Amino acid sequence: MVKKALLSIALAAVVISVALPTAAQNYKAKPPKPTILDYGPFPTTTTTTAAVKPAAVAAQSSAATAGKCGNPAAKCLFYGGDFLNDPLYPPSLANGLANENTEIVSGSPYGAAVWVPFTVPTGETWDVTGLFTNNQSTFGVLDQGALPAAVATWSINEEIIAGSAGTVVDSGTSPATSTATGRSSFGLNEYTVQVTGLSVTLTAGSYWFSVVPVCSNAADPYCDGVFFLSDVEYLNTTPTNAYGPAEPIDASYFDSPTFGESFDPTYGEVGACGGFGCDAFSAGVLGKIKK
């Protein structure tokens, strides 16, 4: 289906005709406007992963070992693990899925969102103070309205099934940071989009969450950029730096008013990624276990 082809990064380099700044908040010129072709399908070519900021990767790895995750690091409850683009990793399933509210893919509360599953174990109660997603992005800029306020929309839901958002536990639009992870692929750099200052109590059970970058200021040329939530794959091994209860596999959903998708599975041949990965995603939950 054309809709699905337009959404996934398919094992190849995205052709971007401008330099990708690591700190694009202070822009001086308007970059060329991306076209729908930037959403694929892309030719199957070998891609490489180049570290933008190796120190950031080392710091995040060290933090995960200490029971922290996110960027900046904070007390970790769950993290799906680091994105890895390894064309020799059989099968080569490195991918990503549109996750944004931008000038290109806009909507209310988002143009496209990936819903990531996680589990609060039996006997535990979580005090959630933050959420984050790791996104491959043209510029990584967050910006809303006429003011340069960095925000992201977020939600924690229960009982999501195909075609239904289930029940909202809590949601909002909150101040957010967008920080380079040091990973790059598909001609894009990866950024952690993170909201903190939350206060959500979760009892044992199954949940889904989204954190969607917002860049909707028409006066900001970088709001023409794109965001794709990085996937991870649990193929014979746990992804690097994964933490907490294992991410449920083949349980993620994609919702997009822009592309006419309503909580469709992300995985499998008929899923939003067309069978190229997207069994799990690089995202996490911050907070502490209540005593």
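Which residue forms a salt bridge with Arg183, the closest N and O atoms being 2.7 Å apart?

**View 1. The Arg183–Glu190 salt bridge in the predicted model.** The partner is Glu190. Arg183 and Glu190 are both buried.

**View 2. Arg183 also pairs with Asp82.** Here the closest N and O atoms are 3.6 Å apart. Asp82 is buried, as is Arg183. Arg183 sits in strand S8 (residues 167-185), and Asp82 sits in the loop between strand S2 (74-79) and strand S3 (96-98), so this salt bridge ties together parts that are 101 residues apart in sequence. Shared partners join Asp82, Arg183 and Glu190 into one network. The whole structure holds 2 salt bridges.

**View 3. The largest nonpolar core.** This core has 39 residues. Phe118, Leu131, Ile156 and Phe209 touch the most other members. Strand S9 (residues 188-202) gives the most to the core, with 6 residues.

**View 4. Surroundings of Ile156.** Neighbours within four places in sequence are left aside. Contacts of Ile156 then include Phe118, Val128, Leu131, Val200, Leu202 and Phe209. Thr167, Val168, Val169 and Asp170 are also among them. So are Tyr207 and Trp208.

**View 5. A second, separate core.** It has 8 residues, including Tyr110, Ala113, Trp115 and Phe263.

**View 6. Confidence along the chain.** Mean pLDDT is 79, and 73% of residues reach 70 or more. Among the elements, strand S5 (residues 113-120) has the highest mean, 98, and helix H1 (residues 2-5) the lowest, 36. Residues 1-31 have pLDDT below 50, with 97 contacts in the model beyond near neighbours in sequence. Residues 33-55 are also below 50, with 61 such contacts.

Note on methods: Residues are numbered from 1 along each chain as its sequence is written. This is a predicted model: local features need pLDDT of at least 70, side-chain atom pairs count only at pLDDT 80 or more; totals for chains, interfaces and linings use all residues. Side-chain values use heavy atoms; hydrogens and water are left out. A nonpolar core is a set of buried Ala, Val, Leu, Ile, Met, Phe, Trp, Tyr and Cys residues joined through side-chain atoms within 4.5 Å. Buried means under 20% relative accessible area, exposed over 50%, partly exposed in between (1.4 Å probe, protein chains only). Helices (H or I, at least four residues) and strands (E, at least two) are DSSP runs, numbered from the N terminus. Contact means heavy atoms within 4.5 Å. pLDDT is the predictor's confidence in each residue, from 0 to 100. A salt bridge is a side-chain nitrogen of Lys or Arg within 4 Å of a carboxyl oxygen of Asp or Glu.
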